[in-house]
Amino acid sequence: MANTVILGSELMIFATISGKSEAIACATSCKLDISASSLETSSKDSGKWTSKQASKLSWTASSDNLMVITEYKKLVDLMISRSEIELEFSTVANADSDNGLPQDGWESNNDGYKGKAIISSISLTASDGDNATYSVSFEGVGALQAITA
């Protein structure tokens with residue numbers, strides 16, 4: 001089976017807000033970071049090299065977006081209310097690079113990862129003569145799990 005390279009435009013963060021899963025609007029980029037803290041397991045038997053083992057796992061995500069006031073307000077309200085939201089990182093099922101956003105919105109391919117998260121920060125930038133943008137950061141609450149169809 002050949003490896004298929006995924007275009008960045010085909011991978012999105014979907015957020016479930018008010019029971020409906022939808023892609024975060026007008027994203028220009030998104031990012032998922034998974035990390036493990038480590039415990040040193042060195043002993044006299046280790047010699048001059050440190051021994052380690054993976055300990056706790058954590059994940060964060062972020063999205064950079066063109067400013068859409070309704071989307072921005074939804075996310076700010078969720079942050080202020082300290083609400084957990086379900087995030088999904090998946091390719092889109094209805095990608096068509098020639099036509100952009102489908103009329104009924106993007107649909108997840110359900111082929112990535114999902115988990116609950118809190119919004120840890122939102123920053124808005126509005127430079128003179130440029131498009132207004134915002135960045136939103138999420139911190140995972142519990143496990144990040146593979147989506148099984």
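1. Let's begin with a pocket. The second largest pocket in this structure has a volume of about 170 Å³. Its lining is made up of 13 residues, and those closest to the centre are Leu11, Leu32, Phe89, Ser90 and Gly112. Strands S1 (11-17), S3 and S5 are the elements that each contribute two or more residues to this lining. By character, the lining residues split into eight nonpolar, three polar and two charged. Please keep in mind while reading that this is a predicted model.

2. Phe89 from that pocket also turns up in the aromatic contacts. There are two aromatic pairs in the structure. In one of them, the ring centres of tryptophan 59 and phenylalanine 89 are 5.9 Å apart and the planes stand at 90 degrees; because an angle over 60 degrees counts as edge-to-face, that is how this pair is classed. Tryptophan 59 sits in strand S4 (residues 52-66) and phenylalanine 89 in strand S5 (residues 85-91), so the contact links distant parts of the chain, 30 residues apart.

3. Are these two rings buried or exposed? Tryptophan 59 has a relative accessibility of 5% and therefore counts as buried. Phenylalanine 89 is buried too, with a relative accessible area of 7%. The cut-off behind both calls is a relative accessible area under 20%.

4. The other aromatic pair is formed by tyrosine 72 and tyrosine 134, again edge-to-face, with 5.4 Å from centre to centre and 65 degrees between the planes. Tyrosine 72 belongs to helix H1 (residues 69-80) and tyrosine 134 to strand S7 (residues 133-140), so this pair ties together parts that are 62 residues apart in sequence. Tyrosine 72 counts as buried at 17% relative accessibility, and tyrosine 134 is buried with a relative accessible area of 1%.

5. On to the charged side chains. Side chains of opposite charge can pair when their charged atoms come close. The structure holds five salt bridges. One of them joins glutamate 22 and lysine 74, whose closest N and O atoms are 2.8 Å apart. Glutamate 22 is in strand S2 and lysine 74 is in helix H1, so this bridge connects distant parts of the chain, 52 residues apart. Both partners are partly exposed: glutamate 22 has a relative accessible area of 22%, and lysine 74 has one of 30%.

6. Lysine 74 has a further partner. Glutamate 71 forms a salt bridge with lysine 74, with 3.6 Å between the closest N and O atoms. Why are these two residues about one helical turn apart? Glutamate 71 and lysine 74 are three residues apart in helix H1, which means that about one helical turn separates them. Glutamate 71 is buried, its relative accessible area being 5%, whereas lysine 74 is partly exposed.

7. Away from helix H1, the side chains of glutamate 86 and lysine 116 meet in a salt bridge with an N to O distance of 3.6 Å. Glutamate 86 lies in strand S5 and lysine 116 in strand S6 (residues 113-125), so the bridge ties together parts that are 30 residues apart in sequence. Glutamate 86 counts as partly exposed at 24% relative accessibility, and lysine 116 is partly exposed at 41%. Elsewhere, salt bridges with shared partners join Lys20, Glu22, Glu71 and Lys74 into one network.

8. Two backbone angles deserve a look on your screen. Most residues other than glycine have a negative phi, and most peptide bonds are trans. Which phi value does cysteine 26 have? Phi of cysteine 26 is near 55 degrees, a positive value in a residue other than glycine. Cysteine 26 is found in the loop between strand S2 (20-23) and strand S3 (27-40), and a relative accessible area of 41% makes cysteine 26 partly exposed.

9. Arginine 82 is the companion case. Phi of arginine 82 is near 60 degrees, also positive in a residue other than glycine. Arginine 82 is placed in the loop between H1 and S5. At 75% relative accessibility, arginine 82 counts as exposed.

Methods: Residues are numbered from 1 along each chain as its sequence is written. This is a predicted model: local features need pLDDT of at least 70, side-chain atom pairs count only at pLDDT 80 or more; totals for chains, interfaces and linings use all residues. Side-chain values use heavy atoms; hydrogens and water are left out. Rings of Phe, Tyr and Trp (its six-membered ring) pair if their centres lie within 6.5 Å; planes under 30 degrees apart count as stacked, over 60 as edge-to-face and the rest as tilted. Helices (H or I, at least four residues) and strands (E, at least two) are DSSP runs, numbered from the N terminus. Buried means under 20% relative accessible area, exposed over 50%, partly exposed in between (1.4 Å probe, protein chains only). A salt bridge is a side-chain nitrogen of Lys or Arg within 4 Å of a carboxyl oxygen of Asp or Glu. On a 1 Å grid over the protein atoms alone, a cavity is a set of points where a 1.4 Å probe fits but cannot get out, and a pocket is an open set with protein on both sides within 12 Å along at least five of seven lines; lining residues have an atom within 4 Å of a point. Grid points are joined across faces, edges and corners, and a volume is the space filled by probe spheres set on the points. Ala, Val, Leu, Ile, Met, Phe, Trp, Tyr, Cys and Pro count as nonpolar, Asp, Glu, Lys and Arg as charged, and the others, Gly among them, as polar.
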